Amino acid sequence: MTSISEKSYIDASPIIEVDDKPFSSDSLVQYSLFSLRQRITIILVVSSASILSSLSSALYTPALPKMAVTLGVSISAVNFTITTYLLLQGLSPIFSGSIGDSLGRRMLYSATLTIYIGACIGLSITDAYPVVLVLCGLLAAGAAPNTALGAGVIGDLVPASQRGGYMGLYNAGIGLGDAVGPVLGGAFAQFTGYHGIFIFLLAVSAALLTLVVVVLPETLHSIVGNGSILPKWYRRPLLPVLLPTEATTAGDPSSLSPARRLDIFGPIRLLKQPDVLCCLALTGVCYMVWQMSMVATSAQYSSQYHLNEFAIGLTYISNGIGELVGSLLMGKILDHEYRKQLRREAAEETNNVVLIGRARLYSLRLPIPMFIGSIVAFGWVIQVHVHIAVPVVLAFLIGWSVQSILTALATLLVDLFEDQSSTATATFIMTKGLMGAVGSSSIQPLINSIGPGWTFTALGGLCILALPSVFAEFYFGGGWHLRRTKALQQDEASNKLSYPHHHYGVVNGTVANNKIIAALSEEYRNIPLSVVLVSALYVTIFRTTGQEGGTLGYRSSEGSQPQIINFALNPKIPA
């Protein structure tokens, strides 16, 4: 048997035989020449840089009551510093995501870390509330882009068949900030004041900038291909320890991806894609609800349980550990579900899942109900003043479940837009930041109005209202993906690239999985009507005008377009 790289699938090359092993190391080497040790080291470096986003807010969340006293403002006013941070956390990746996908990862890391260091210097010396507000926004602008860049690096290094595990490891690194940040923040707030928090962050970010400059290589496929091409001198690290040994200035030009033009508003343009909206609907709501629970915890533990800053910080450990567990386990589950989806599609030989949304969304069967149930219970145990051990345990379950949900959906977005992985992740972060900003500014007035029990019950209901988006992506996502891929092929035929590459997307008999598509088209006919009716709400919203039912470019074995695909493209409930 002959091995084939996943790049071949991306380029829609003809059918050839592949390794019997569905996760052959040969295909990974051809997708990326970076060794296993190099890949893991690079991901550890980018995870360390990405941890700043979660660590920054986690460090000073337990210090909010102390900050309110020091700054001479109310709790609601000091909560607005978090709102400002989250708002800029959502807006800054709009610009940075496309820059990372066009100009490279390494240079942008250096720029954002420099901005972050400047904000830390200011926050470590000021006691003026307006200045703190402005600098918190600048702090977010320096930290948030690193998360999107890190996901882009993983997309550069690892093919979809193994990406789940690496994304789990990456998100676990980010979750580490939520685990240790509150403890450190509580200790700093109690013993040094909140200025000590930002002096610590200054030291961490300076060390990370040094690490990036010295060892982090460029990984963007349009610049270095699969790692075989050495970039220009100013794009190289000072020490070449993480560069592939095969890399040369000539390299392998065939491994280069098409260079993407700089599109500053790329993350916003992706919102036109229905599958992106489906992913972001649940992402935004779940992250907002989680952020509201994190912000409310500090004030509630202080007023209801009379804990000091350091003790409040200790209570956050359970949430952070839950996030770590959720990220690591979900990474393994995602790779397991990918292999199961290969078997469902009888596609073990191609190692190429057609319905990638199903491969990822199957993993959310447990985390979603766990998150909703834990959030509702969390509000009521605080309201009736149950022993503090109970909300601490519930916080663990909340962290576990929400990080599982976010890891799965973030991985799916990277799968869908491999050549725009930083841009897609920027859209993901933008949604989280904006929704989190709305939640953090409204949680305290809600609790003051109706109490924590009914507040978190309403938030659980909001999560339930977002669930149809998951059903819509699960059942209709394959059609959307295939239609977009056909548009990609048409654009490439006209020598213009408007759509990202996909590792699946099988139309017009160009890839080995065409027979799988025909078989799966029959499966669509067996979807329960109740699911179709619920999903119809979302499909109607996501409908693309001017497209008719037969535009997917494939037919069922009888030669007729599957009825459910017609419905997905032109959603009309038959009589």
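**Entry 1: helix α9**

I started with helix α9 and looked up which of its residues are hidden. G196, I197, F198, L201, S205, L208, L209, V212 and V215 turn out to be buried. A note to myself: this is a predicted model, and I am reading everything below with that in mind.

The spacing of some of these made me recall a rule. An α-helix has 3.6 residues a turn, so residues three or four places apart point the same way.

What lies over the buried residues of α9? The cover includes α3, α6 (106-123), α7 (129-157) and α8 (160-191).

I also checked the length of the helix. α9 runs over residues 195-215, which is 21 residues, and spans 31 Å from its first C-alpha to its last. That is close to the 30 Å expected at 1.5 Å a residue.

**Entry 2: the whole chain**

Next I zoomed out. I found 22 helices and zero strands in the protein chain. How much of the chain is buried? Of its 575 residues, 61% are.

Then I looked at contacts between residues at least 6 apart in sequence: 80% of them join residues at least 24 apart. For the outside, I noted an accessible surface of about 20800 Å², with 66% of it belonging to carbon and sulfur atoms.

**Entry 3: the nonpolar core**

The largest nonpolar core has 123 residues. Which members touch the most others? They are Y60, M67, I197 and F371. I had already met I197 among the buried residues of α9. Helix α12 (residues 274-304) gives the most to this core, 16 residues.

I picked M67 for a closer look. Skipping its neighbours within four places in sequence, I found M67 in contact with Y60, V78, V132 and Y194.

**Entry 4: a nonpolar patch outside**

I then went looking for nonpolar side chains on the surface. L36, I40, L44, L169 and L328 make a nonpolar patch there of about 400 Å². Helix α3 (residues 36-60) gives the most to the patch, with three residues.

I40 sits in helix α3. Is I40 buried, partly exposed or exposed? Its relative accessibility is 33%, so it counts as partly exposed.

**Entry 5: salt bridges**

Side chains of opposite charge can pair when their charged atoms come close. I counted five salt bridges in the structure and followed up some of them.

The side chains of D156 and R105 meet at 2.9 Å, N to O. D156 is in helix α7 and R105 is in the loop between α5 (75-103) and α6, so this pair ties together parts 51 residues apart in sequence. Both D156 and R105 are buried.

R163 and D415 meet in a salt bridge as well, at 2.7 Å, N to O. Here R163 belongs to helix α8 and D415 to helix α17, so the parts tied together are 252 residues apart in sequence. R163 has a relative accessible area of 0%, so I wrote it down as buried. D415 also counts as buried, at 0% relative accessibility. I found R163 and D415 linked with R360 in a network of salt bridges.

K340 and E337 pair too, with their closest N and O atoms 3.9 Å apart. How are these two placed in helix α14 (residues 317-344)? They are three residues apart, so about one helical turn separates them. K340 is partly exposed, with a relative accessible area of 24%, whereas E337 is buried at 4%.

**Entry 6: G152**

Back to helix α7, where G152 has its place. G152 is buried, with a relative accessible area of 0%. Leaving out residues up to four places away in sequence, G152 touches R105, S421 and S422. That R105 is the partner of D156 from the previous entry. I also noted that G152 and G100 are 52 residues apart in sequence, but 8.0 Å apart in space, C-alpha to C-alpha.

**Entry 7: two histidines with positive phi**

Last, I checked backbone angles. Most residues other than glycine have a negative phi. Two exceptions went into my notes.

H306 has a positive phi of about 55 degrees. Where is H306? In the loop between α12 and α13 (309-315). It is exposed, at 65% relative accessibility.

H385 has a phi near 60 degrees, also positive. It lies in the loop between α16 (367-383) and α17 (389-416). H385 is partly exposed, with a relative accessible area of 41%.

Definitions and conventions. Residues are numbered from 1 along each chain as its sequence is written. This is a predicted model: local features need pLDDT of at least 70, side-chain atom pairs count only at pLDDT 80 or more; totals for chains, interfaces and linings use all residues. Side-chain values use heavy atoms; hydrogens and water are left out. A nonpolar core is a set of buried Ala, Val, Leu, Ile, Met, Phe, Trp, Tyr and Cys residues joined through side-chain atoms within 4.5 Å. Buried means under 20% relative accessible area, exposed over 50%, partly exposed in between (1.4 Å probe, protein chains only). Helices (H or I, at least four residues) and strands (E, at least two) are DSSP runs, numbered from the N terminus. Contact means heavy atoms within 4.5 Å. Patches are made of residues with over 30% relative accessible area and no salt bridge: like charges are joined within 9 Å, nonpolar side chains (Val, Leu, Ile, Met, Phe, Trp, Tyr) within 5 Å. Accessible areas come from the Shrake-Rupley method with a 1.4 Å probe; for residues, only the protein chains shown count as cover. A salt bridge is a side-chain nitrogen of Lys or Arg within 4 Å of a carboxyl oxygen of Asp or Glu. The expected span of a helix is 1.5 Å times one less than its number of residues.
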